[in-house]
Amino acid sequence: MAPRVFLITGTSTGFGEELVKIVLKNGDYAVATARNSLKLKFDGANDSNSLMVDLDVTDKSSIDKAFEAAVEKFKRVDVVVNNAGYGLSGVFETLSDAQIRKQMDINFFGLMDVTRKALETMRELKTGGVIQQVTSIGGQLGVPTFSVYCASKWAVEGFTESLSRELKPEWGIKLTCIEPGGFRTDWSGRSMEFGEVKNDAYDHIDPKKNAQGRHNNQPGDPVKAAKVFYDLAVMKDPPLRCAVGTDAFKAMTAKMGQTKENVEKFKDWTNSTDVDDQ
C-alpha cells in the first residue's frame with residue numbers, strides 16, 4: 001500500500017509532535033505544521049517523506065497555502081489531524097472578552113476552517129480520507145475553571161457529529177473526535193493561559209495552583225496516545241468518537257450512567273408535551 005499523507009496541525013509539542021514521529025516511523029508521509037515551522041525538527045524526516053510548513057489556524061490564507069503545498073508535494077492528503085489548540089483556565093468571571101474570543105477562534109473557528117479546506121481537498125481530489133478532531137474529555141464533561149475551553153470542545157463535538165451526517169458515503173471521508181484525558185504534555189504547563197480579570201468572590205479556587213499540581217502528574221503518556229491517534233486514522237471504519245486515557249474512560253462511563261439516570265428520572269416531564277389527539 002502507498003504511504004498515507006498526514007497533515008497535522010500544532011506539531012511543535014505534545015500529541016502533534018509525537019504523532020509526526022509515529023507517522024514517519026511507520027513509513028508514511030508527514031506534513032508537519034506550526035505557526036513557525038522553522039522550529040520543527042523530527043528524527044527520520046527528509047525531503048521525500050516530510051514537509052514542514054507554516055499554518056496559523058486563525059488565518060485562512062495560511063491554511064490554504066499549507067494544503068496547497070502539501071498537495072503540490074505529495075499529490076494528496078489522506079489524514080488531517082486538527083490538533084492545534086490550547087487550554088484557558090480560570091473561573092468564568094475572571095476571563096476577559098479577548099481571552100474568551102481567542103479561545104474560541106483557535107480551538108473552534110480555526111478547526112472549522114481547517115476542516116472546510118480538508119473536505120474540499122479530499123472531495124475534489126477524489127481520494128477520500130480521515131479528519132481527526134482532537135477535542136478532549138472536556139468536550140463531553142464540564143470541568144471547573146475550564147468553562148470556555150469546554151465550550152470550545154463541546155462546539156467541536158456537535159459540529160463534527162452534524163457534519164458527519166452531511167457527507168455522501170461515496171466521498172469516503174470519515175470524521176473522528178478524539179477525546180483525551182490528562183496527558184503529560186505542555187498543555188497544563190507553559191501552554192496554558194489563565195484568567196486576567198481579578199475577582200475576589202472566587203478566592204476558594206486557585207486555577208494556577210491546580211494546574212501546577214496536575215502538570216506532569218497526569219496518568220497519560222503522549223507517545224502512547226499518538227499511537228492510538230495513528231491506529232484510528234488507518235482503521236478501515238474509524239469511530240465518530242473515541243475517548244483516550246484511563247481517566248477519560250472512567251469519566252465517560254460515569255457520565256453515561258448519570259445521563260441515563262437523569263433521563264429516566266425526568267421522563268414524565270419529557271414525554272408530557274405532545275399535542276393532544278384531536
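## A pocket, a kinked helix and some unusual backbone angles

The second largest pocket has a volume of about 270 Å³. Of the 18 residues that line this pocket, Met-1, Arg-4, Arg-76, Asp-78 and Gly-129 are the closest to its centre. Please keep in mind as you look around that this is a predicted model.

What kinds of residue make up the lining of the second largest pocket? By class, there are 9 nonpolar, 4 polar and 5 charged residues. Two elements, strand E6 (129–134) and helix H6 (222–234), each supply at least two residues of that lining.

Helix H6 is also home to Asp-231. This residue is partly exposed, with a relative accessible area of 31%. Asp-231 and Lys-250 are 19 residues apart along the chain, and their C-alpha atoms are separated by 21 Å.

Now follow the chain out of E6. Thr-135 sits in the loop between E6 and helix H4 (147–164). Is Thr-135 buried or exposed? Its relative accessibility is 3%, and buried means under 20%, so Thr-135 counts as buried. Leaving aside residues up to four places away in sequence, Thr-135 touches Tyr-149, Lys-153, Val-156, Glu-157, Cys-177, Ile-178, Glu-179 and Pro-180.

Helix H3 is worth a look too. It covers residues 97–124, 28 residues in total. From its first C-alpha to its last, H3 reaches 38 Å, close to the 40 Å expected at 1.5 Å a residue. Where is the kink in H3 centred? The centre is Asp-105, and the kink is about 40°.

Finally, a word on backbone angles. Most residues other than glycine have a negative phi. Here are some residues with a positive phi:

| Residue | Phi | Place |
|---|---|---|
| Lys-75 | about 75° | loop between helix H2 (60–74) and strand E4 (79–82) |
| Lys-126 | about 55° | just after H3 |
| Thr-145 | about 75° | loop between E6 and H4 |

How does accessibility look for two of these residues? Lys-75 is exposed, with a relative accessible area of 58%, whereas Thr-145 counts as buried at 12% relative accessibility. The cut-offs behind these words are under 20% for buried and over 50% for exposed. Thr-145 lies in the loop between E6 and H4, and Thr-135 is found in that loop as well.

Definitions and conventions:
Residues numbered from 1 in each chain as written. Predicted model: local features only at pLDDT ≥ 70, side-chain atom pairs only at ≥ 80, totals over all residues. Heavy atoms only, no water. 1 Å grid on protein atoms, 1.4 Å probe; cavity = no way out; pocket = protein on both sides within 12 Å on 5 of 7 lines; lining within 4 Å. Points joined across faces, edges and corners; volume = space filled by probe spheres on them. Helix = DSSP H or I, 4+ residues; strand = E, 2+ residues; numbered from the N terminus. Nonpolar A, V, L, I, M, F, W, Y, C, P; charged D, E, K, R; others polar. Buried < 20%, exposed > 50% of the residue type's maximum accessible area, 1.4 Å probe, protein only. Contact = heavy atoms within 4.5 Å. Expected span 1.5 Å × (residues − 1). Bend = angle between axes of the 7 residues up to and from the residue.
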